[in-house]
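Colleague: Could you take me through one part of this model in close detail, and then place that part within the rest of the chain? Please spell out the cut-offs as you go.

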Amino acid sequence: MEYQEIITFIMEIIGTIAFAASGAMVGMERKMDIFGVCVLGVVTSVGGGMIRDIVLGSIPPGVFTNSVYALVATITSCAVFLMIYLKRDLLRGNFRATYDKIMLVMDSIGLGIFTVVGVNKGIQMGYIDSTFLLVFLGTITGVGGGLLRDMMAGVPPYIFVRHVYACASIVGAIVCVVMNRNFGPVEAMFVAFGAVILLRYLAAHYHWNLPRMDWKEK
């Protein structure tokens with residue numbers, strides 16, 4: 001296994017754990033049983049990659065031919081469920097702020113990692129000159145799982161209401177494409193990942209949001 005493949009695999013596992021934890025947390029908040037929590041955790045982790053592979057014509061999607069990611073997501077989801085089940089006051093009262101911070105961290109890590117993984121997958125498939133396609137692949141890999149999670153949980157999709165979430169993925173994907181063409185894949189992964197994390201942190205800290213219509217009854 002080459003150095004780049006090792007780095008990519010490690011990042012994918014970290015991203016899988018992060019997204020699985022965020023999916024499980026949403027499931028717990030929606031009062032789902034352990035099966036529902038695991039389903040949300042797995043979908044959040046692999047959903048974006050499944051959409052990406054379908055767009056690229058890679059059938060069946062990689063999650064079905066390499067079960068390690070679904071397995072890691074399931075174990076992570078079960079661990080989150082058991083932790084909160086045994087200490088139920090973690091999601092009550094003053095712990096709500098802690099929940100929001102955990103969701104921010106987990107979603108940001110997963111978003112950054114899977115954005116660069118999506119871009120790299122497109123490059124490996126031979127589309128290094130197709131900027132729009134690469135940016136789309138990075139973005140859909142980053143936000144697709146969270147979008148499916150929120151739809152299944154019956155809540156407003158995170159990417160449409162939270163701190164320039166999808167925009168951070170788009171910026172990270174663009175940075176990854178540019179860095180890949182000028183410096184190399186490993187450097188591109190780390191710089192683009194850092195860009196997504198930084199933008200998400202700044203957006204949360206300064207409460208940056210895209211303009212929206214605020215309908216108020218008179």
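Modeller: Leaving aside its neighbours within four places in sequence, I170 is in contact with V135 and T139, where contact means heavy atoms within 4.5 Å. This is a predicted model, in which local features need pLDDT of at least 70 and side-chain atom pairs count only at pLDDT 80 or more, while totals for chains, interfaces and linings use all residues. Residues are numbered from 1 along each chain as its sequence is written, and side-chain values use heavy atoms, with hydrogens and water left out.

I170 sits in helix α8, helices being DSSP runs of H or I with at least four residues, and strands runs of E with at least two, numbered from the N terminus. I170 counts as partly exposed because its relative accessibility is 34%, on a scale where buried means under 20% relative accessible area, exposed over 50% and partly exposed in between, with a 1.4 Å probe and protein chains only. The C-alpha atom of I170 is separated by 8.7 Å from that of V196, which is 26 residues away along the chain. Its partner T139 belongs to helix α6 and is buried, with a relative accessible area of 13%. Beyond four places in sequence, T139 is in contact with G144, A166, S169, I170 and A173.

Helices α6 and α8 also appear in the largest nonpolar core, a nonpolar core being a set of buried Ala, Val, Leu, Ile, Met, Phe, Trp, Tyr and Cys residues joined through side-chain atoms within 4.5 Å. Of the 17 residues in this core, M11, V116, V119, L134, C176, V177 and M189 touch the most other members. Two or more residues come from each of α1 (3-29), α5 (96-124), α6 (131-153), α8 (165-182) and α9 (185-206), and α5 gives the most, with five residues. L134, again leaving aside neighbours within four places in sequence, is in contact with V119, G122, I123, Y127, I128, V177 and R181. Another core, of 13 residues, lies apart from the largest one and has A21, M28, M103 and A153 among its members.

The largest pocket has a volume of about 550 Å³, the volume being the space filled by probe spheres set on grid points that are joined across faces, edges and corners. On a 1 Å grid over the protein atoms alone, a pocket is an open set of points where a 1.4 Å probe fits, with protein on both sides within 12 Å along at least five of seven lines, and lining residues have an atom within 4 Å of a point. The lining numbers 27 residues, of which E12, R52, Y69, V117 and K121 lie nearest the centre. The elements that give two or more residues to this lining are α1, α2 (34-55), α3 (62-65) and α5.

Two loops carry backbone features. In the loop between α1 and α2, K31 has a positive phi of about 60 degrees although it is not a glycine, and K31 is exposed, with a relative accessible area of 77%. The peptide bond from I59 to P60 is cis, with omega near -5 degrees, and P60 lies in the loop between α2 and α3.
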